[in-house]
Amino acid sequence: MANSKYEYVKSFEMEDEIMLPNIIIVRVDGRDFRRFSEVHEFEKPNDRKALELMNECAKAVLEQFPDIIFSYGFSDEYSFIFKKGTKFYQRRASKIHSLIVSFFTSVYVTKWKALFPQKDLRYAPSLRSRVICCASVEVLQAYLVWRQYECHLNNQYDTCLWNLIQRGKSQKEAEEMLKGSQKQDRNELLYQCFNINYKKDIPEIFRQGTCTLKTEVEDIVKYKDDGCPVKRPRRKVITVHSENIASRRFWNDHLCLLKELGPFTEDLNKTKPEYLKSFQYENKLMPSTWIVIRIDGCHFHRFSEVHEFEKPNDAQALNLMNSCAAGVLEEFKDIVFAYGVSDEYSFVLKKESQLYRRHASEIVSAVVSFFSSMYAIKWNEFCPHKEMKYPPYFDARAVCYPSCEILLDYLAWRQVDCHINNQYNTCFWMLVKSGKSKSEAQHYLKGTQAQEKNELLDQLSGTINYYNTLPLMFRQGSSVYWDKETKMVDNEGGGAGKSRKIVVVKHCNIIETSFWEAHPGILDEKHNDFRL
C-alpha cells in the first residue's frame with residue numbers, strides 16, 4: 001500500500017491472532033437458509049442434492065487449503081478443523097474465517113448448476129462464519145460430540161414434523177404435537193404412525209452428517225525403464241459417514257487425524273453446549289464508532305492473469321466489483337457508503353449500527369460471503385466471453401474508527417493509494433508493452449516521483465497530460481452510496497417529480513470536503529465536522 005499522510009489510520013486495526021496451542025475450528029452456516037430452501041423448493045425434511053452440494057463445497061475447501069484436514073457438516077452448516085500447529089495466515093481469526101466462508105460461498109454458486117440443473121439460482125446465497133478455539137484435543141472431541149448430537153436431534157425432530165405435515169397436519173399443529181417430546185417419543189411416533197424405523201430407514205447422510213477428511217494414498221507417478229511403477233504418497237480428500245465421529249475407534253481408523261491433531265484418550269458421549277460456547281472466539285466491536293469492513297481479493301494477481309484481465313485496468317472487472325458492492329448496500333441497510341479500487345472494497349456501517357449485535361465475525365463473514373456470492377453470480381453478466389476457471393475468494397476484516405474525521409482520513413488514504421498505485425501500474429504496463437521486460441520496467445521506475453511518471457507517460461503515449469485522460473474510475477476509484485433519483489410522472493395536472501432512493505456508483509474525489517458537503521446525508525454529520 002502506498003505511503004501518505006493518512007497512513008496513521010492503520011493504527012486502528014487490531015490484531016486477532018489465535019495463540020498456540022489452540023486448535024482452530026471455523027464453522028460456517030447458512031444465513032437465512034430456511035428462506036433460501038423454501039424459495040428454491042428444497043425437499044423436506046432433507047434434500048439430498050442440497051446436502052451433496054454442501055459436501056462438494058466442503059471437499060473443495062479441503063483441497064484448496066492444505067492446513068484443513070477434517071470437516072464435519074449437516075443441514076446448512078460445516079465445521080473445518082485445522083491441523084494443530086497451523087501457521088495459516090499467521091493464525092489471524094478474521095483472515096482465516098473470512099477466507100473460508102468466501103471460498104465456500106463461491107464454490108456453492110459455481111457448483112449449483114451441476115447439482116440443480118433444472119433450478120435457477122434465484123438470489124445470492126450467503127453464509128456466516130466464526131472461529132472456535134479448542135484449547136486441547138479433549139475440547140475438540142467435545143465439540144464434535146455436540147455438533148453430531150445436534151445433527152441427530154434436529155433431523156429426528158424435522159423428520160417427525162414433516163411427516164405429520166405431509167399427512168395433513170398444519171405446521172402449528174405438528175409443532176404442538178412435538179412440543180416437549182423426547183428422542184424415544186419421536187422414534188415411537190415415526191414407527192407407529194409412519195412405519196419408519198429411524199435408525200434403519202433414514203439414510204446415514206441425514207442422521208449422522210458427513211465427514212470430509214484427508215487420507216494418504218499411494219499414486220503411481222511414473223514407470224521405470226523395466227516397467228516397474230514408482231509410487232509416492234499423496235493426500236486425498238474423502239467423504240465418510242460415521243455414527244460417532246468423536247469415538248476413539250473412528251479417530252484411530254484415520255491416521256492423518258492422529259498425526260495432525262493427536263489421539264482421543266477416552267470415548268465421550270455427552271457434553272454441555274455452554275461449556276463449548278465459552279471457547280468461541282468473539283470480538284464485539286466498540287459501540288458508537290464507525291465500522292469499516294474491508295475486503296481484499298485473495299491471490300487476485302493470479303486470478304487476473306488466468307482470466308486474462310486487461311492491464312493495467314480491466315473496466316469490466318472493475319464494473320463487476322462495483323455491481324457486487326452495490327448489491328451489498330442493497331442487502332445490508334446499515335452500510336451507508338463503500339469505496340473500491342482494484343480488487344478491494346471498504347464498506348462503512350453507520351455509527352449507531354447494531355447489525356448482528358456488532359459481533360465482528362458475523363458482520364465480516366456475512367458481508368464477504370454475500371460479496372463473493374454476487375461476484376460468482378454476476379460473472380457472466382460482466383465477462384460473457386470468459387469462462388470462470390476457478391472460484392474467486394476474498395479475505396475481510398472489521399476496523400472501528402471513533403470519529404468522522406478519522407473515518408474520512410481512512411477513505412482519503414484508500415483514494416490516495418488508488419492514485420499512486422494506478423499511476424505506477426499505468427507506467428509499468430506501458431513500459432512492458434513498449435518492449436521492456438517486467439524486471440526492466442520495475443528497475444526503470446524505482447525511485448521515480450509522480451512528476452517523473454507523468455512525463456514518462458506523456459513521452460510513451462505522445463499525449464500531453466496523458467494520465468488525466470484516463471477514466472476517472474481508474475484514477476479515483478469507485479464510490480457507492482444511496483442517493484435520490486427524481487423521475488417525472490405524467491398526471492392530469494401535468495408532469496410531477498417523484499423521488500426515491502437508489503444505490504449509485506460514482507467516481508468522485510472523496511478527499512476534498514466538497515463531496516461530503518454535497519452529500520451530508522451519507523454520514524449524517526454537520527458540514528463543519530468535515531475537513532481536508
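1. Pro312 sits in the loop that runs between α12 (300-306) and α13. The peptide bond from Lys311 to Pro312 is cis, and omega there is near 0°. This is a predicted model, so both the loop placement and the cis bond are features of a prediction.

2. A cis peptide bond also joins Leu20 and Pro21, where omega is about 5°. Pro21 belongs to the segment before β1 (23-30).

3. The helix that follows the Pro312 loop, α13 (residues 315-331), packs on α14 (residues 360-382) at an angle of about 135°, and the two axes are 9 Å apart. That angle makes α13 oblique to α14, because angles over 115 and up to 145 degrees fall outside the roughly perpendicular and roughly antiparallel ranges. The crossing of α13 past α14 is right-handed.

4. On the α13 side, the residues that meet α14 are Gln316, Asn319, Leu320, Met321, Ser323, Cys324, Ala325, Gly327, Val328 and Glu331. On the α14 side they are Val367, Phe370, Phe371, Met374, Tyr375, Lys378, Trp379 and Phe382. By class, the contact of α13 with α14 has 12 nonpolar, four polar and two charged residues.

5. The largest nonpolar core has 82 residues. The members that touch the most other members are Phe80, Phe104, Tyr108, Ile293, Phe347, Phe371 and Tyr375. Helix α14 gives the largest share of this core, 12 residues. Two of the residues just named, Phe371 and Tyr375, are also on the α14 side of the contact with α13. A second, separate core has 30 residues, including Val504, Ile510, Phe515 and Ile522.

6. Ile293 can be followed through its contacts. Residues up to four places away in sequence are not counted; beyond them, Ile293 touches Tyr345, Ser346, Phe347, Leu349, Ile363, Val364, Val367, Ala396, Arg397 and Ala398. Val367 is also listed among the α14 residues that meet α13.

7. Two residues other than glycine have positive phi values that a reviewer may wish to look at. For His299, phi is near 55°; this residue lies in the loop between β8 (290-297) and α12. For Tyr356, phi is near 50°, and its place is in the loop between β10 (344-349) and α14.

8. Are His299 and Tyr356 buried or partly exposed? His299 has a relative accessible area of 49%, so it is partly exposed. Tyr356 counts as buried because its relative accessibility is 17%, and the cut-off for buried is under 20%.

9. A second helix pair involves α4 (residues 137-166) and α5 (residues 171-178), which pack at an angle of about 135° with their axes 9 Å apart. That makes α4 oblique to α5. The crossing of α4 past α5 is right-handed.

10. From α4, the contact with α5 takes in Tyr157, Cys160, Leu161, Leu164 and Ile165. From α5 it takes in Gln171, Ala174, Glu175, Met177 and Leu178. Its residues divide into eight nonpolar, one polar and one charged.

11. Val109 is found in helix α3 (residues 93-115). With a relative accessible area of 11%, Val109 is buried. Neighbours within four places in sequence aside, Val109 is in contact with Leu121, Pro125, Ser373, Ala376 and Ile377. Val109 and Asn55 are 54 residues apart in sequence, and their C-alpha atoms are 13 Å apart in space.

12. Pro203 is in the loop between α7 (198-201) and α8 (204-207). Its relative accessibility is 30%, so Pro203 counts as partly exposed. Pro203 and Ile295 are 92 residues apart in sequence and 40 Å apart in space, C-alpha to C-alpha.

13. For the chain as a whole, there are 19 helices and 13 strands. The C-alpha trace spans about 85 × 85 × 45 Å along its principal axes. Of the 532 residues, 51% count as buried. Among contacts between residues at least 6 apart in sequence, 73% join residues at least 24 apart.

Methods. Residues numbered from 1 in each chain as written. Predicted model: local features only at pLDDT ≥ 70, side-chain atom pairs only at ≥ 80, totals over all residues. Heavy atoms only, no water. Axes fitted to C-alpha atoms, helices over the stretch in contact; angles between N-to-C directions. Helix = DSSP H or I, 4+ residues; strand = E, 2+ residues; numbered from the N terminus. Parallel < 35°, antiparallel > 145°, perpendicular 65-115°, else oblique. Left-handed = near helix turned anticlockwise from the far one by under 90°. Contact = heavy atoms within 4.5 Å. Nonpolar A, V, L, I, M, F, W, Y, C, P; charged D, E, K, R; others polar. Core = buried A, V, L, I, M, F, W, Y, C linked by side-chain atoms within 4.5 Å. Buried < 20%, exposed > 50% of the residue type's maximum accessible area, 1.4 Å probe, protein only.
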